[in-house]
Amino acid sequence: MKKLLKIVLFFFVGIFLLIFLALAFILNSAGTQTNVVRQGLPEGMTLEKAHVGLGGLTVEQLHGEVDSVKVSLERLRVDFPLMRTLFSRKLHIRELSLSGFVLDLTDFEPKPAEKAPTAPPRQPAPTTQTTRSAPADDFNGLFQDIKLHGLIVDKVSIDARVILPGGEQNARITISGQDITPENQPSLTLVLAYEDQQAEAVIPLARLTADLGLILRDENILSGILLELLADVDVRSEDQRETLQLGGRIDLAENTDRSGETYSLRLTLFPGSENEADLVDLNAVFAFAERALTGNGTIRADTRSVAFFVDPFLKGAWARADGEVAFAFSTATEVQSMQGTLSVQANDLENFRPELASVPTVLLESAFDLSADSEKAEIRELRVLLAAPRETPLLQVDTRQTFGVHLKTNEPFFSTPGEPLVEMALSGLPVDLVNGLVPDLNLSLEAFVGRLILSGEGQRFRLATTEPITLRGLSLSPEGVPLVSNLNISVSPSAAYDPESLSFDLGAFTLTGNGMDIAEIRASGSVTQLPEDPELDVTATWRIDLPALLAQPFGEPFRNSSDGELTGTLNAKGGEDDFKASLDVALRELRVADTGETVDNLTLSLNVLPDGSDRFDVSGPLRITAADHTTGFDLNLSLDLSGDVPDLRLQSRSKQIHSQHFTTLAAAFANPEATSPEPSGAAQETDRAEARPASREPDTKPVWDGVLAHADLEAGRIFLPGNIRLKNLKLQASVTEREAKLDTFSVMIDDAIARAEGGLRFRDDHPEHPYRLHTELSFRDFNVGNFLRSVAPDEEPALEAVISMEGAAAGESPNLGILAEFVTGEFKFSAENGTLRALRRGAVSAGAQVGGVTGRLGGMVTGRGDAEAVGQLATYFNAIEFETLALDVRREPNFDLSLTDFTLHNQDLRLQGSGKVTHMEDQPMTEHPLRLELALAARPPLANLFESIHLLQEIPDERGFRSLLRPVVIQGTVAKPDARALWTIIAEAGARAAAERAVRPAEPQEGEPSEPAERRRPRIPSF
């Protein structure tokens, strides 16, 4: 039995070993591993070979593209003997190589980062032990207790290339090294080569070589690091291409006597050549026994030593920077100090920009002396001086005593409490420098002076002005366009601060110019209960003389007021939960210079009441009084910031609005004699260039993106020019994420109601024409006669009727700038039982033409009968009583109006026709040219008048209307139709009829034979 069990056990163990060896063989085969890796690759990637075994890792021919990033890898190989590494406890890499790796970012465009949801603050995990940072005395040098375990690398070879977005810049990185063992002092060489193929590239080529060496004491203990850098940079200027060479050396090492460590950093230009120059030299020593770090450093650089590198930027200007620093730090006593100076000087600036020829020198000097220990940090000296030109001080900042802060309590201390700490003196502005650095600024200034003192006592700091900050004789003409001239500004600010409060006083901020007081502004305030629950209390007042302000050059286009003063008060008070603010603005006795019209009083009062931290409500009245009339608005504005998009809501209620008030305000700020300023230089050339056509690029998001809004407006009565009165105006409009919508619009004109609604929608699924406009308009029972009489009470209206209109406008556009080009509309007008005077006899007198013709016939006939017919026609067309009138109007994409299906009808007359109104740029609609071609038809008794002068066709239609022989063309403008063509036709026909009568026998007397009845003309009726 036991023998049988042994045989069975041996059999199963044999089978298990065979299965294990088969699986190991299959899994270790390159084909199997390659298939597994391929299945895990992103879509678009291909792989030829992937293999991981006991001897290393190999990947070959990996290619593809993911999210516009192209990746190419020829071969990756890591060769290491696993068993030797395990038994020797050393990492032995025979080969680490990467070849043919290319990362192509030519077409890559980074996607905008999605806004991460705001996560609640994480609470610290409970712990039974308080953690603290390592104390300063834990530092005992860089190389203490740093041991490197055995690492053996026979060969390192990495070659990679990155093509930057756009494809014109690329960088190649190579890393190489061999026989890296502790005995050979490990070292690596890195080479970074950069190439820019753009024609205007300042640095077309750059190459950086870095050699890193590790110094080992014994076999595994690190005792030094040496990093040497060498950079070759090709610099292209306007007419030459030179190479700048920069060397660097970082040497960190333990002293041979084991007493401490030394650190040094040195940057050198053109190392090893006759032009070699040190840029930065920094040295430090750390002594183990004293646990103290001491050192010093210098910086010495000027543009001559790096001329080829900076010339493309400074173009021959000369600058130099000199600095020294000394420092000491003890980890035992924690005493540290730093002293130093820095001086920067620039000369020959006219080479950089010719406008700087008058600035021979710009000088910046500073000195500092700082110290600290475990108890306090203090400033012993701090000095800054800016001077230009000719070393004239412009700004000087100096400390007047030693001061600092106790580190444990954060309380300040002063060597002389209450006395000045820091003094800042302003003694000028580098006008020439500013003009040179800002093209076409044209700044001039007579003086810029002021002096400020900062003092401290206890925990309170005070800032006071010992000499007002004053700008005198300021003139500014950017791009040759005058903005301000001979303006004087003066302000004397002061402030006080302690840990619980901040207060300030602007003093009297005054503006004067050209012998006139322009403005005076005063502001003061405080913030208390700092820092947890701040309370604000601010008051500001101002007074501005508008004529004096607009007397400055910038006000020339708005200078049409001879009187007027703007005053105001701002108050803000409270904390986060009870904050409120009020604004009161008043404009008094505003007088229009050229007409003498006045606005007696304009007042605006607003109250701001935040509702928590995310909503603000602003409300208050606006009142305008002039000519014994008042315009008033009650405004309410709310802003909600609680959502992802701000939500703005406006509500306005008004009892009456006089448009003349706004006309007067506009006239007061519209100088009729203003001329467009004439720019100079490049700006003038730009203005002369042809205007760019409007962009036709489609928008990718609506222009109102990021805004939600709603407007609700109501007005009881609106008084417009020409005695036009509107009533009960209601308007509601909204802006949502993808639509700007007119929800409601209605207004009454007399007893007629006009309505409109529609919207402008942005459609993401129509990228070529994302905007779609649709509106519907209508009005009912509009008495156009009453309206025209109110506009021109001394003239008879051209049309008297109660008319109605219905219409719609629509269009699709790539952007709002050219939306009008794509909008078309159709509108239908209709009226019943009215009077039309548009065809009345005007400048050409038909009767005069008839009389002239008959006179030339030598008095052979009087023409009395024909003249009577013409006169009765004139009477008829002077005021046509019609039963129905209809007109269809279509707005074309070229802005013209097509007039179709014009029909006017009564018992005697029918007018039918079509025409158009031609759009004229920069002209009001009433002045656009009109052309209307009409077919006229008449039936008795009106037809008898036309028949008497032979103007009608012989055969009537089914309703008895006979058409005029020639069409009638109405021209002129929309406001003044010209019907002379009709009267010319009538006059010429009357003249011909008179001439025909002159050559025919006279009518027979009573009792004489007459012509047949069918030859006699009907009796002319009178109207």
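**Salt bridges**

I searched the whole structure, a predicted model, for salt bridges and got 41. I then looked up individual pairs.

I started with arginine 460 and aspartate 498, whose closest N and O atoms are 2.7 Å apart. This salt bridge links distant parts of the chain: arginine 460 is in strand β25 and aspartate 498 in strand β27 (residues 494-498), 38 residues apart. I checked the cover of both partners. Arginine 460 has 27% relative accessibility and counts as partly exposed. Aspartate 498 is at 16%, and I call it buried because the cut-off is under 20%.

Next I took aspartate 764 and arginine 738. Their salt bridge has its closest N and O atoms 3.0 Å apart. Both partners are in loops: aspartate 764 between β40 (752-762) and β41, arginine 738 between β38 (724-735) and β39 (739-749). They are 26 residues apart, and the pair links distant parts of the chain. I noted arginine 738 as partly exposed, with a relative accessible area of 21%.

The third pair was aspartate 896 and lysine 916. Here the closest N and O atoms are 3.9 Å apart; I kept the pair as a salt bridge because the cut-off is within 4 Å. Aspartate 896 is in the loop between β44 (880-891) and β45 (897-905), and lysine 916 is in strand β46 (residues 909-917). The separation in sequence is 20 residues. Aspartate 896 is buried, at 11% relative accessible area. Lysine 916 is partly exposed, at 39%.

I also found a network. Salt bridges link Arg789, Glu796, Glu800 and Arg837.

**Aromatic rings**

How many aromatic pairs does the whole structure hold? My search found eleven. I needed two values for each pair: a pair of rings is described by the distance of the centres and the angle of the planes.

I looked closely at tryptophan 704 and tyrosine 771. Their ring centres are 6.2 Å apart and their planes stand at 65°, so I logged the pair as edge-to-face. Tryptophan 704 is in the loop between α8 (681-688) and β37 (708-720), while tyrosine 771 is in strand β41 (residues 771-783). The pair therefore ties together parts that are 67 residues apart in sequence.

Are these two rings' residues buried or exposed? Tryptophan 704 is buried, with a relative accessible area of 11%. Tyrosine 771 is buried too, at 0%.

I then followed the ring pairs into a cluster. Its members are Phe779, Phe782, Phe787 and Phe829.

One charge over a ring went into the notebook as well. Arginine 910 lies over the face of phenylalanine 961, 4.8 Å from the ring centre.

**Backbone geometry**

I looked up cis peptide bonds. One joins leucine 530 and proline 531, with omega at about -5°. Proline 531 sits in the loop between β29 (516-528) and β30 (535-545). Another cis bond runs from proline 940 to proline 941, with omega near 5°. I placed proline 941 in the loop between β47 (930-938) and α12 (942-948).

I also looked for positive phi at residues that are not glycine. Glutamate 479 has a phi of about 55°. It lies in the loop between β25 (460-476) and β26 (484-491). At 43% relative accessibility, glutamate 479 is partly exposed. Aspartate 781 also has a positive phi of about 55° and is not a glycine. I found aspartate 781 in strand β41, the strand that holds tyrosine 771.

**Surface**

Which residues make up the nonpolar patch of about 270 Å²? I listed Ile299, Leu342, Val344 and Leu364. I followed up leucine 364, which is in strand β17 (residues 361-372). Its relative accessibility is 39%, and it counts as partly exposed. That passes the patch criterion, because a member needs over 30%.

For the chain, I noted an exposed area of about 59700 Å². Carbon and sulfur atoms supply 56% of this area.

**Whole-chain values**

I closed with the totals. The chain has 1023 residues, and 32% of them count as buried. Its secondary structure comes to 13 helices and 50 strands. I took the contacts between residues at least 6 apart in sequence and asked what share joins residues at least 24 apart. The share is 51%.

Methods:
Residues are numbered from 1 along each chain as its sequence is written. This is a predicted model: local features need pLDDT of at least 70, side-chain atom pairs count only at pLDDT 80 or more; totals for chains, interfaces and linings use all residues. Side-chain values use heavy atoms; hydrogens and water are left out. Helices (H or I, at least four residues) and strands (E, at least two) are DSSP runs, numbered from the N terminus. Buried means under 20% relative accessible area, exposed over 50%, partly exposed in between (1.4 Å probe, protein chains only). Contact means heavy atoms within 4.5 Å. Accessible areas come from the Shrake-Rupley method with a 1.4 Å probe; for residues, only the protein chains shown count as cover. Rings of Phe, Tyr and Trp (its six-membered ring) pair if their centres lie within 6.5 Å; planes under 30 degrees apart count as stacked, over 60 as edge-to-face and the rest as tilted. A charge sits over a ring if NZ of Lys or CZ of Arg is within 6 Å of the ring centre and within 35 degrees of the ring normal. Patches are made of residues with over 30% relative accessible area and no salt bridge: like charges are joined within 9 Å, nonpolar side chains (Val, Leu, Ile, Met, Phe, Trp, Tyr) within 5 Å. A salt bridge is a side-chain nitrogen of Lys or Arg within 4 Å of a carboxyl oxygen of Asp or Glu.
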